[in-house]
Amino acid sequence: GAARPFERWQAFVHEVVGGLDASAGAGSGRTPRQACAFDARMQLQMAPGVRAARIGGSAHRVRRALRGRAANDEIGLLVQFAGRSWLDIDGRRITLQAGQAALFDNARPYLFELGEGFEHHLLLIDRDRLGIDRPA
């Protein structure tokens, strides 16, 4: 169907980043028709314990639900280059505009709302490589 670009993106994000659920259409600020015209891109670089990605595209939401101990116990740094994004984590909501950044625990539940035409760079570093213990 016409929604295939988003379905492919959703599967790709789940495989590469792991444990994420992406949504378009209702709740993401996109109508089902807009979801059909979905566009996204990711340039990914990986090294032991580190993943870096340049990500951009159409508006959508990405949610990480708490599912026990996360397989990817990482600290994330997200730098917004274009557009606007919103991060809901631990009962707080922040807005990121071009030139702003957020540091987050990738093992905790969160919701990213990515605005139309967003572009950001994401760096995920294994907690072990940083020598940071996971909070109890």
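1. A good place to start is the salt bridge in which the side chains of Arg54 and Glu119 meet at 2.8 Å, N to O; a salt bridge here is a side-chain nitrogen of Lys or Arg within 4 Å of a carboxyl oxygen of Asp or Glu. Arg54 lies in strand 3 and Glu119 in strand 10, so the pair ties together parts that are 65 residues apart in sequence. Helices (H or I, at least four residues) and strands (E, at least two) are DSSP runs, numbered from the N terminus. Glu119 is buried at a relative accessible area of 17%, whereas Arg54, at 39%, counts as partly exposed. Buried means under 20% relative accessible area, exposed over 50%, and partly exposed in between (1.4 Å probe, protein chains only).

2. Before going on, please keep in mind that this is a predicted model, in which local features need pLDDT of at least 70 and side-chain atom pairs count only at pLDDT 80 or more, while totals for chains, interfaces and linings use all residues. Residues are numbered from 1 along each chain as its sequence is written, and side-chain values use heavy atoms, with hydrogens and water left out.

3. By the same rule, the salt bridges number nine. Glu74 and Arg51 form one of them, at 2.5 Å, N to O. This pair links distant parts of the chain, with Glu74 in strand 5 and Arg51 in strand 3, 23 residues apart; both residues are buried. Asp39 and Arg41 also meet in a salt bridge, at 3.7 Å, N to O. Here Asp39 is partly exposed at 44%, and Arg41 is partly exposed at 45%.

4. Now to the core. The largest nonpolar core has 23 residues, and those that touch the most other members are Trp9, Met42, Ile55, Leu87, Phe104, Tyr110 and Phe112. Such a core is a set of buried Ala, Val, Leu, Ile, Met, Phe, Trp, Tyr and Cys residues joined through side-chain atoms within 4.5 Å. Helix 1 (4-17) supplies the largest share, four residues. Leaving aside residues up to four places away in sequence, Met42 touches Trp9, Phe12, Val13, Val16, Ala53, Arg54 and Ile55, where contact means heavy atoms within 4.5 Å. Arg54 is thus a contact of Met42 and a salt-bridge partner of Glu119.

5. You may like the aromatic cluster formed by Phe104, Tyr110 and Phe112. Rings of Phe, Tyr and Trp (its six-membered ring) pair if their centres lie within 6.5 Å; planes under 30 degrees apart count as stacked, over 60 as edge-to-face and the rest as tilted. The structure holds three aromatic pairs. The Phe104 and Phe112 rings have centres 5.5 Å apart and planes at 80°, so this pair is edge-to-face. Tyr110 and Phe112 are also edge-to-face, at 5.3 Å centre to centre with 70° between the planes. Phe104 is buried, as are Tyr110 at 5% and Phe112 at 6%.

6. Last, the strands. Two strands pair if DSSP finds at least two bridges between them. An open sheet of five strands has the order 1-4-9-6-7, with antiparallel pairing, and its edge strands are strand 1 and strand 7. Strand 6 pairs with strand 7 over six bridges, and Ser85 has Leu96 in strand 7 as its bridge partner. Strand 5 pairs antiparallel with strand 10 over eight bridges, and Ala82 has Glu119 as its bridge partner in strand 10. Five bridges join strand 5 to strand 8, also antiparallel, with Val79 opposite Ala101.
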